[in-house]
Amino acid sequence: MKLFHFASPQTFYPLAGRLAPVFAVLAAVLCIAGLYIGFLLAPTDAQQGEVYRIIFIHVPAAWMSMFIYLVMAFWSIVGLSLGTRLSFYMCRALAPTGAIFCFIALWTGALWGRPTWGAYWVWDARLTSQLLLQFLYFGYIALTQAIEDPRRADRAGAIIALVGAVNVPVIYFSVQWWNTLHQGASVSLTKAPSMASIMLSGMLVMAIAAWCYTLAVTLKRVRSIILERERHTDWAAAEIAGAQR
Amino acid sequence: MMWQSVSEFLSMGGRGFYVWGSYGVTFLLIALELWLLARRRRSSLTRLRQLQQLDRS
Amino acid sequence: MNLFIAVLRRDLLLAWRGRSDLLVALAFFIIVASLFPFGVGAEPNQLRAIGPGVLWVAALLASLLALPRLFAQDHESGVLEQLLLSPEPAVIWVTAKIAAHWLATGLPLVIVAPLLAMMYRLEPGAVSVLCGGLLLGTPILSLIGAIGAALTLGLRGGGSLLALLVLPLFVPVLVFGAGAVDAWAGGMGVSAHLSLLGGGLLGALALAPWACVAALRLAAE
């Protein structure tokens, strides 16, 4: 039952406060390590030259944007079935970071596509699905912002996050189908250069760095959300009065 | 170390614009997120304290 | 079953009484479809190439236009709360409302589509594939759109928020619907596309009403 001990906002708040800096430091260290691998150890690619080094941000950002959405869907299920407020708070805290990673994936994907495949936007299956994921993120954020009643906003957001999550495989499948029909022989961004293992390690290190960063930022954000939503409780009132930063 | 000089590193085989455009925007967005997060924390606490004052009076 | 029929008949009657609203959605479909040749030129081969996609997008947008009224009237009059309080399983009457909504707003699109297809010089075979796809796809749009309508019920700016929520979810329907016509034009079989649409319809029928009910309970509180 230790797990459920932290399901209460009151106990989770200090835990998040202690964990966030740890993950922040981990993220910074791993990021430096990853960039070191990516820029100083990984060799020049035979086909793409130096420009392939964008993958050390593009791929981790794309992975995180999808992973965060799945985690949001998970917290939505927990919140809707168990009614725990903290689950909804976590869901809300994750969304902005997921949206930013999604945008980074799109931006870096476009900048990778231009020198490699000739166009900033190639309507490739991955990028197009990424674009639709960006809309799903915007939809969640817009819906939760538009509803004034916090309880309704939490739950409505959870429903749309779940509906979106269920549809993501469908969307991805349909975009792949559409892509093979219309693009024909043109290349796909998913056909990355055959990876030397050093490139793969660089990507993995950056991916873990991104995950630590997400945890740090989300834990900090959820602390603000907890204080705002729980302000009528005694412990939160004390916290607000005493908090320095 | 594969890079012969700093300028070679910066040019990235002539594709410096794309590589640094990617990394640059990424770090800008991360910095933006962190700044917005800190700002949210500050304004949230300020507003919450104001509400506390109102509740007391 | 009685509840289903009763709600279906009531909603169809209400739709008929407010038919000017529905005709606006239909007119929107026709106008949007008519706009494209002004933008891209009337060259027959080009129109034939873009026709299926344009008509599908126009159908999507017209469906979107008609969605807010699915629950809005009953929400304002308080009937929605009454329905939610009744002992009958809510999924039944929600499905009935969505069915009535499709009959009143989606089916007309399917019926009018052949006329618009004529503007795009589509061949008879292409037209039947288009209409078959629309027949399977527009109910899916109503079902998924209903979830969005329920979530945004009573919100200011609900219409554009509804569009943002629901259009990404519409994309697979668009891909397979328009893709079916392209497949037919290319001499390939359409059964894969239409089966996927059929499967999507069954899936939406099974899942969407539950999500709708959950969203409606939230809105009514």
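Here's a quick briefing on the fold of chain A and on how the chains touch. Keep in mind that the model is predicted. Chain A has eight helices and zero strands, and its C-alpha trace spans about 65 × 40 × 30 Å along the principal axes. Two pairs of chains are in contact, and chains A and B share the most contacts.

**Helices of chain A**
- Walk along the sequence of chain A and you get the pattern α-α-α-α-α-α-α-α.
- Helix α3 of chain A covers residues 55-82, and because each of its 28 residues is taken at 1.5 Å, the helix should span 40 Å.
- The end C-alpha atoms of that helix are 39 Å apart, which agrees with the expected span.
- Right after α3(A) comes G83(A), with a positive phi near 75°.

**Packing and surface of chain A**
- Chain A has 245 residues, and 54% of them count as buried.
- Take the contacts in chain A between residues at least 6 apart in sequence: 79% of these join residues at least 24 apart.
- About 10,600 Å² of chain A is exposed, with 69% of that supplied by carbon and sulfur atoms.

**Charges of chain A**
- Chain A carries 17 positive and 10 negative charges.
- The mean positions of these two sets of charges are 3 Å apart.

**Between the chains**
- Looking for the pair with the most contacts? That's chains A and B, out of the two pairs in contact.
- Chain B and chain C have no contact joining them.
- The closest C-alpha atoms of chain B and chain C lie 23 Å apart.

Note on methods:
Residues are numbered from 1 along each chain as its sequence is written. Chains are lettered from A and ligands numbered from 1 in the order in which they are written. This is a predicted model: local features need pLDDT of at least 70, side-chain atom pairs count only at pLDDT 80 or more; totals for chains, interfaces and linings use all residues. Side-chain values use heavy atoms; hydrogens and water are left out. Helices (H or I, at least four residues) and strands (E, at least two) are DSSP runs, numbered from the N terminus. The expected span of a helix is 1.5 Å times one less than its number of residues. Buried means under 20% relative accessible area, exposed over 50%, partly exposed in between (1.4 Å probe, protein chains only). Contact means heavy atoms within 4.5 Å. Accessible areas come from the Shrake-Rupley method with a 1.4 Å probe; for residues, only the protein chains shown count as cover. Lys and Arg count as positive and Asp and Glu as negative; His and the chain ends are not counted. The place of a charge is taken as NZ of Lys, CZ of Arg, CG of Asp or CD of Glu.
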